[in-house]
Amino acid sequence: MYYLRMIVRNAMRHQLRSGLTVLGIVVAIVAFGLLRTVVDAWYSGAEAASKSRLITRNAISLVFSMPLAYAGKIRQIDGVKAVSYASWFGGVYVTEKNFFPQFAVHAPTYFNLYPEFVVPPEQMRDFLHDRKGAIVGRRLAETYGFKIGDTVSLRGTIYPGIWDFVIRGIYDGAERTTDVSQFFFQWDYVNETMRITAPRRMNTVGVYIIALTGADRASDVSASVDATFRNSLAETLTETEQAFQLGFVSMTEAIVVAIRVVSYLIIFIIMAVMANTMAMTVRERLSEYATLKALGFGSRHLAGLIFGEAFVIAGCGALIGIFCTFPIAERFGKATGTLFPTFNVHDETIEWQIACAVLIAVVAALVPCWRVMHIRIVDGLRSIG
Amino acid sequence: MDQAAQTIVAIRNLAKAYRRGDQVVPVLTDITLDIAAGDYVALMGPSGSGKSTLLNLIAGIDKPDAGSLSIGGIDITALDEADLAAWRSRHVGFIFQFYNLMPVLTAFENVELPLLLTDLSAAQRRQHVGDALEMVGLADRVEHYPSELSGGQQQRVAIARAIITDPTILVADEPTGDLDRVSAEEVLNLIDRLNRELGKTVIMVTHDPHAAAKARSIRHLDKGELTQ
Ligand SMILES: Nc1ncnc2c1ncn2[C@@H]1O[C@H](COP(=O)(O)OP(=O)(O)OP(=O)(O)O)[C@@H](O)[C@H]1O
Ligand SMILES: [Mg+2]
């Protein structure tokens, strides 16, 4: 209690200096947390992706499609429980800035494979009965104010023209990590339109989604699928949904690395600031520490006082910073709309923030502490604060 | 001092030099001195003569280069850093020229500070601190911080801190050097009382002949040697 009082009062001695240092730590901790959350959001698609679902795509590239006829052949492969298919639509809603994923899906089967997309049964029924129907994620609906019955126009890029869809359902995520920012509609609608406007693109599919009888079948089923279509016009590449998603993220790896580096740099800078604060503080009080030594206080006590003070300052900064991270991340997540599938502050991020604060305190206290421990008492007593 | 004076500080052939670069500056050469229990010694001498250096050696906050230094029968030159610190906490009371109180602690807490190294309970500590502050006449200033006290009051708090652990010796380096006449007089009277009423052994460095006059004996130091 006595020591704690002394530590806290010491920390409060230069209120401006301590205050500014705390402020710096708050900013650093928030920035660090936010950047980590951005990186997590980046990977969240892959993280939420299933390891027990396979994605089959054209082996050459995702931009090439595969014949619809593959569905039947895949279904016959041992280990396959169900098959569905989807095509990336890539339409523009009003302006290019409003990015969200849009998929033309085989409606009768698709949602059976994605139990994490929770749709009320009557909405699902309405959707299945409406050729132009669409189901949208909750966050997407909230971002753009979509309501059931609304007509939403998308300007096609891959599939030219203006496409009107009627919102028939809104899905929620079964998990916190479920991407609730997607836009689904009927593959059949796109296909029928192609019949008229671009007959050569009829009956083609972007990706097949395969549900397995067991997660342990992933590697042998993907090998069988790819073997089935070897030497055909459209060879396939099958991998788990997670591997498929990570493939996307790896394209932007450099940005992720840059963000990570910046987040470490921020911690490094505040470490230097804090070290400077502690060094100044301790230098001014050398004669006090020397007096304590003269009175018989040992290294343990002095280290306790110095580290304690560093921990009080870093702790205040970290506490405020961590509390601020949540509302700021929420606003940031809202501001970026549906750019990221999910934007949540992970528990791990908070643990990292705490670890950073501890590191900041320890590093800052280390050198001044060493100096106080090794200074000769008579020299310390002579020093003027 | 009518009892057979028992030697409490025994200094034999003590030497100390400071090194500045490769230059060796001898400060104390061959000091031999006995101080009896209950004595009150004033150390005088010109500036730079090594008074503070000698006092610091006696107080165990500096190490001699040669010679022996035994206090209360303990050869303190043989103690390592940690043992020496523990020894100081039990046997030495410090009174500094600039008081050296902790600015973030109240008068009460400052006096309590040395007791944290003992295993007294909080209640016992409170009792001791109360008595000590009473003794120096500051019972009504316990909650004051050093910045809220006059120089003389601060020095009296420091004296209370110096005697709180009932040390073997009290060392004072120019205890009145920073005080006005009246405050200085108060502090000197207090030190005098500690010596006469409580039987404390006091070693005081001073420039002031008036202060030295209060001591039982005066030793002169010149160019690192004791003259009478
Ligand atoms: N840490 C040190 N390094 C080098 N020289 C020192 C050191 N401390 C003291 N000295 C030198 O030792 C000599 C004696 O110093 P000391 O402080 O003991 O003198 P003093 O008698 O107390 O003087 P004053 O009356 O001015 O306080 C001085 O010449 C001083 O310059
Ligand atoms: Mg001196």
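Visitor: In what sense do β1(B) and β4(B) pair, and over how many bridges?

Guide: Strand pairing is read from the bridges between two strands and from their relative direction. In this predicted model, β1(B) and β4(B) pair in the antiparallel sense, over five bridges, and within that pairing R12(B) stands opposite S68(B) of β4(B).

Visitor: Which other strand do bridges join to β1(B), and how many are there?

Guide: Strand β1, residues 7-20 of chain B, is joined to β2(B) by 10 bridges, and the two run antiparallel; one residue pair to look for is T7(B), whose bridge partner in β2(B) is A36(B).

Visitor: What order do the strands of this sheet take, and which of them stand at the edges?

Guide: The order follows from listing who pairs with whom. Here an open sheet of four strands in chain B has the order β2-β1-β4-β5, with antiparallel pairing. Because β2 (23-36) and β5 (74-75) of chain B each have a single partner strand, they stand at the edges, and one side of each is left without a neighbour in the sheet.

Visitor: How many bridges join β4(B) to β5(B), and what phi does G72(B) take in their hairpin?

Guide: Two bridges join these strands, which run antiparallel, and I71(B) stands opposite I74(B) in β5(B). The hairpin that β4(B) and β5(B) form has two residues between the strands, and there G72(B) takes a positive phi near 55 degrees.

Visitor: Which strands does helix α1 of chain B lie across, and at about what angle to β1(B) does the helix run?

Guide: For a helix on a sheet, one asks which strands it crosses and how its direction relates to theirs. Helix α1, residues 51-58 of chain B, lies across β1, β2 and β4 (66-71) of that chain, and runs at about 125 degrees to β1(B).

Visitor: Turning to charged side chains, how many salt bridges are there over all chains, and which residues are linked in a network?

Guide: The count over all chains comes to 27 salt bridges, and a network of them links R376(A), D379(A), K16(B) and D62(B), so that residues of chain A and chain B both take part, a salt bridge here being a Lys or Arg side-chain nitrogen within 4 Å of an Asp or Glu carboxyl oxygen.

Visitor: Which parts of chain B does the salt bridge of K200(B) and D166(B) link, and is each residue buried or exposed?

Guide: It helps to take the distance, the place in the chain and the accessibility in turn. The side chains of K200(B) and D166(B) meet at 2.3 Å, N to O. The pair links distant parts of the chain, 34 residues apart, with K200(B) in the loop between α6 and β8 (201-205) and D166(B) in the loop between α5 and β7 (169-173) of chain B. At 8% relative accessibility K200(B) counts as buried, since the cut-off is under 20%, whereas D166(B), with a relative accessible area of 54%, is exposed.

Visitor: How does the salt bridge of R156(B) and E186(B) read by the steps just used?

Guide: Those side chains meet at 3.5 Å, N to O, and the pair links helix α5 (residues 151-163), which holds R156(B), to helix α6 (residues 181-198), which holds E186(B), with the two positions 30 residues apart in the numbering. R156(B) counts as buried at 15% relative accessibility, while E186(B) is partly exposed at 36%.

Visitor: Which residues form the nonpolar patch on the surface?

Guide: The patch is formed by V257(A), V261(A), L265(A), F268(A), I269(A) and V273(A), which together have about 550 Å² of accessible area. Among them, L265(A) is found in helix α10, residues 253-284 of chain A, and counts as partly exposed at 47% relative accessibility.

Notes: Residues are numbered from 1 along each chain as its sequence is written. Chains are lettered from A and ligands numbered from 1 in the order in which they are written. This is a predicted model: local features need pLDDT of at least 70, side-chain atom pairs count only at pLDDT 80 or more; totals for chains, interfaces and linings use all residues. Side-chain values use heavy atoms; hydrogens and water are left out. Two strands pair if DSSP finds at least two bridges between them. Contact means heavy atoms within 4.5 Å. Axes are lines fitted to C-alpha atoms, for helices over the stretch in contact, and angles run from 0 to 180 degrees between N-to-C directions. Patches are made of residues with over 30% relative accessible area and no salt bridge: like charges are joined within 9 Å, nonpolar side chains (Val, Leu, Ile, Met, Phe, Trp, Tyr) within 5 Å. Accessible areas come from the Shrake-Rupley method with a 1.4 Å probe; for residues, only the protein chains shown count as cover. Buried means under 20% relative accessible area, exposed over 50%, partly exposed in between (1.4 Å probe, protein chains only).
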